[in-house]
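Thanks for sharing this one. Here are a few friendly notes to read alongside the model.

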Amino acid sequence: MELCNNPILMSDQNVMENIVSLCKRRGFIFPGSEIYGGLAGIYDYGPLGVELRHNIKQHFWNRFIAERDDVYGMSAAILMPERVWEASGHSTSFADPMVECNICHEQLRADQPEILVDHEAFHKGEKVEWSNQTPFNLLVPTRLGASEKSATTAYLRGEVTQGVQVNFKNILDSMHPKLPFGIGQIGKAFRNEIAPRDFLFRQREFEQMELQYYIRPDEEEGKKQFEYWKQFAFDWYVSLGFKKEHLRLRQHADDERAHYAKDAWDIEFSSPMGWKEAWGVHHRGDWDLRRHQEYSGVSMEYVDPDTGEKSIPWDIECSGGVDRAVLFVLLEAYREDELGGEVRTYLALAPKIAPVKAAVFPLLKNKPELVAKAREIYSSLKTLVSSIQFDDNGNIGKRYRRQDEIGTPFCVTIDFDTLGEHPELKDTVTLRHRDTGEQERLSIPEAAARICSAIE
Ligand code: GAP
């Protein structure tokens with residue numbers, strides 16, 4: 001019996017707290033530098049979290065870049081000079097409105113009423129007066145160079161996008177692409193968020209997976225490509241294992257759009273905190289290339305190889321947060337149900353992103369012949385599927401529960417029939433399915449094929 005699988009219904013049950021606790025207990029995600037008290041909005045990924053995150057990034061890389069003939073991948077540096085951010089408009093426009101509490105002087109975002117209401121409740125009995133709003137720039141500066149005199153200010157990039165824009169000419173000159181074409185990148189971004197909150201949702205250091213798709217500067221072409229990438233990004237997000245009804249596309253209002261966007265849509269997830277942005281699709285027009293041309297003095301013009309016509313291409317951007325995808329995937333997958341008379345917690349992760357694809361068990365730990373056979377099967381499976389675990393610790397029920405909780409889609413159990421106690425069952429195993437707890441008896445190659453096809 002499924003007790004709960006809907007993130008909206010589970011909001012009352014503190015699903016977020018359950019996820020945070022599961023992530024720490026089972027080695028997914030820890031507060032950053034925890035033994036020193038940590039830093040707000042900074043998290044470290046443990047062994048299972050890093051696999052989950054890697055699988056999401058790999059899925060992005062495959063669909064948006066590697067499988068396409070019209071997209072190149074790249075990886076730019078995190079540190080960029082001040083001039084880049086002046087050109088991109090972030091030095092002046094990348095700011096959130098901030099207000100200060102007159103009682104404790106805490107500074108909070110002015111555009112998130114629920115945070116202000118929470119803060120006022122914290123000072124119960126006292127009247128909070130908020131200061132006038134001031135813009136607070138989110139870019140994170142640092143100093144490069146040994147002496148105070150010669151050191152220069154550089155910035156940890158506030159969006160990975162600019163690494164692609166400043167390399168546009170390098171890609172033109174080295175790869176000679178024809179429009180339309182894209183440049184994709186995955187990497188860290190940094191924002192001095194006024195109020196980091198909701199676990200991985202709003203962090204100060206996070207990862208983005210992005211595609212900048214350059215097109216002919218033409219209104220009709222712009223509309224067509226924008227629709228195409230909106231749908232492509234939405235379908236990709238669904239393929240991470242979401243129910244379609246838990247996601248929606250929402251257009252930004254005029255006063256909501258970033259300074260670079262002619263049009264902007266978010267893919268939103270129905271989370272316990274309400275509908276929240278997972279991903280942005282932005283029509284950036286020629287904003288970035290034109291500004292970099294102006295500020296660097298280097299031409300960003302594309303020359304059509306057939307007609308010789310020169311133009312500055314427009315950019316349709318797909319921009320997703322990797323950590324937000326990790327969080328939303330965990331929220332979507334979190335389940336509590338009753339199996340075999342016991343309440344269990346499990347993560348119904350799509351097999352292709354699950355950190356562990358299968359676990360191999362000998363039925364009993366103290367029977368050397370079972371353990372030897374299980375080890376042999378484990379080794380041969382590992383040549384096909386690298387992310388598998390061997391577990392002979394505790395009784396088999398406990399091992400299933402441990403794997404369920406980390407979202408392992410399959411458990412392979414080696415028992416006396418595998419050894420040939422009933423000769424007709426020799427070299428067969430049981431394959432247990434995480435979501436239903438059902439088991440089937442299969443030959444070893446059949447079980448391997450079942451696992452391999454599920455994780456494709
Ligand atoms: N290049 C465009 C850009 O950066 P954005 O809407 O500011 O656009 C894109 O960010 C995505 O990056 C968001 O949809 C979100 O998934 C993720 N993101 C933004 N700020 C974040 C933060 N503070 N913590 C975690 N993820 C964040």
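**Notes on rings, charges and one helix residue**

1. A starting point: Phe361 is buried, with 0% relative accessibility. Please keep in mind that this is a predicted model, and that every value here is computed from it.

2. Next, the aromatic pairs, of which the model has 25. One of them joins Phe361 and Tyr400, whose ring centres are 5.7 Å apart. The planes of Phe361 and Tyr400 make an angle of 50 degrees, and the pair is classed as tilted.

3. Which parts does this pair tie together? Phe361 belongs to strand E21 (residues 358–362), while Tyr400 belongs to helix H12 (residues 396–406), so the contact links parts that are 39 residues apart in sequence.

4. Is Tyr400, the partner of Phe361, buried or exposed? Tyr400 has a relative accessible area of 9%, so it counts as buried, the cut-off being under 20%. Both rings of the pair are therefore buried.

5. Two arginines are worth a look in your viewer. Arg324 lies over the face of Phe201, 3.7 Å from the ring centre. The charged end of Arg68 sits over the ring of Phe232, at 5.4 Å from its centre.

6. Finally, a residue in another helix: Ala449 is part of H14 (residues 444–454). Its relative accessible area is 46%, so Ala449 counts as partly exposed. How far is Ala449 from Cys101 in space, C-alpha to C-alpha? The distance is 61 Å, and Ala449 and Cys101 are 348 residues apart in sequence.

Terms used. Residues numbered from 1 in each chain as written. Predicted model: local features only at pLDDT ≥ 70, side-chain atom pairs only at ≥ 80, totals over all residues. Heavy atoms only, no water. Phe/Tyr/Trp six-rings, centres within 6.5 Å; stacked < 30°, edge-to-face > 60°. Helix = DSSP H or I, 4+ residues; strand = E, 2+ residues; numbered from the N terminus. Buried < 20%, exposed > 50% of the residue type's maximum accessible area, 1.4 Å probe, protein only. Lys NZ or Arg CZ within 6 Å of the ring centre and 35° of its normal.
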